[in-house]
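Take a look at the model below. The text then walks from the overall fold to the ligand site.

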Amino acid sequence: MIAVLKNGTTPDQVQHLVDWLKNMNLDVHISQGAEVTILGLIGDTSRVDIDLLKSLEMVETVKRVSEPFKQANRKFHPLDTIIEVGNARIGGGYFAMIAGPCSVENEDQIIEVATAVKQSGANILRGGAFKPRTSPYAFQGLKDEGIRLLLKAKKATGLPIVTEIMNISTLDLFDDVDIIQVGARNMQNFDLLKELGKTNKPILLKRGLANTLQELLMSAEYIMSEGNSKVILCERGIRTFETATRNTLDLSAVPVLHSLSHLPVVIDPSHATGKANLVAPMAYAATAAGADGIMIEVHNNPACALCDGAQSLTPPQFDEIARKVRQIREVIA
Ligand code: PEP
Ligand code: MN
């Protein structure tokens, strides 16, 4: 349920109303816009007397929010959420250019790629240390050593870093990581989501291979309901009957999620297509569709990559994409 307050309501009046609602065992989320204040009521709102609430002097309107996701809902928070990491911002007109290898492989590789993508205009470095691989025999990532090397690359370039967590038991290793990624395969690992909700780190939440957008938003809600509202949604392709691409990029996720939610939306054209030659067109399309960022896999030697070489771009290929993405952003601004 949301209560839109009348223009000119004083902070004291707001506080008074919030206290009254909290007394009914509700959590109250305050969204303070330039003009209006919106109170989002979370919990068992069946006990709230809507007519009584509506009749209060300071209340403009009261509406029930029918969607099961509340804190992620744009009705609760009409303005775009902007997430800050280092010198980068994501959402509300700020664009994240996230680039780096699928996996951190060694120090030279990550430093070389990080330096190159920064030069091309990337503002966040990616790199997997804990890798969720389909085969138990495939390279599983350098784990804690991978995070250590990522932190070296962060120090060398000043770029904030994003890397995936697979198990909450490793959370201590992520102390200096700027954004924690929850991969597609863990989108509905609710225990993991709840624990990440207790941290104050931004979370890059990837859509599951066979999950609806509503399910993605419900997973964001799991994180937010524990107190962490810094969630970045990521569309990375879904499983369909099509075999020409690794997954099928659901680009309409961008406007759909933007209409349903205030959270930033990032597109990953690398995992969506699985093919290096398809990354550029999908990155341009994502930018034109209004995504708040793109995440692209870049490797200094894709042919020898330990993971996802077929979809990895060389630094010069990424440089061209970054340049054209900037041009597209100017056109659609
Ligand atoms: C990744 O980004 O490295 C990754 C494993 O992606 P996804 O979870 O989307 O497959
Ligand atoms: Mn990958």
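What follows covers the chain, then the pocket, then the contacts.

This is a predicted model, in which local features need pLDDT of at least 70, side-chain atom pairs count only at pLDDT 80 or more, and totals for chains, interfaces and linings use all residues. Residues are numbered from 1 along each chain as its sequence is written, chains are lettered from A and ligands numbered from 1 in the order in which they are written, and side-chain values use heavy atoms, without hydrogens and water.

The chain has 10 helices and 14 strands (DSSP runs: H or I of at least four residues, E of at least two). Its radius of gyration is 21 Å, close to the 20 Å that the globule rule gives for 333 residues, so the chain is as compact as a globular protein of that length. The radius is taken over C-alpha atoms, and the rule is 2.2 Å times the number of residues to the power 0.38. Along its principal axes, the C-alpha trace spans about 70 × 45 × 40 Å.

Now the ligand. Around ligand 1 there are 13 residues (a heavy atom within 4 Å). Arg126, Ala184, Arg185, Lys206 and Arg236 come nearest. By class, the shell has seven charged, three polar and three nonpolar residues.

Which side chains place a polar atom 2.9 Å from an oxygen atom of ligand 1? Lysine 131 does so with an N or O atom. Glutamine 181 has a polar side-chain atom at 2.9 Å, and arginine 185 has one at 2.9 Å as well. Taken alone, ligand 1 exposes 290 Å², and the protein buries 97% of that (Shrake-Rupley method, 1.4 Å probe).

Technical notes. A polar contact is a pair of N or O atoms within 3.5 Å; within protein, one must be able to donate a hydrogen and the other to accept it, and residues adjacent in sequence count only if both atoms are side-chain atoms. Ala, Val, Leu, Ile, Met, Phe, Trp, Tyr, Cys and Pro count as nonpolar, Asp, Glu, Lys and Arg as charged, and the others, Gly among them, as polar.
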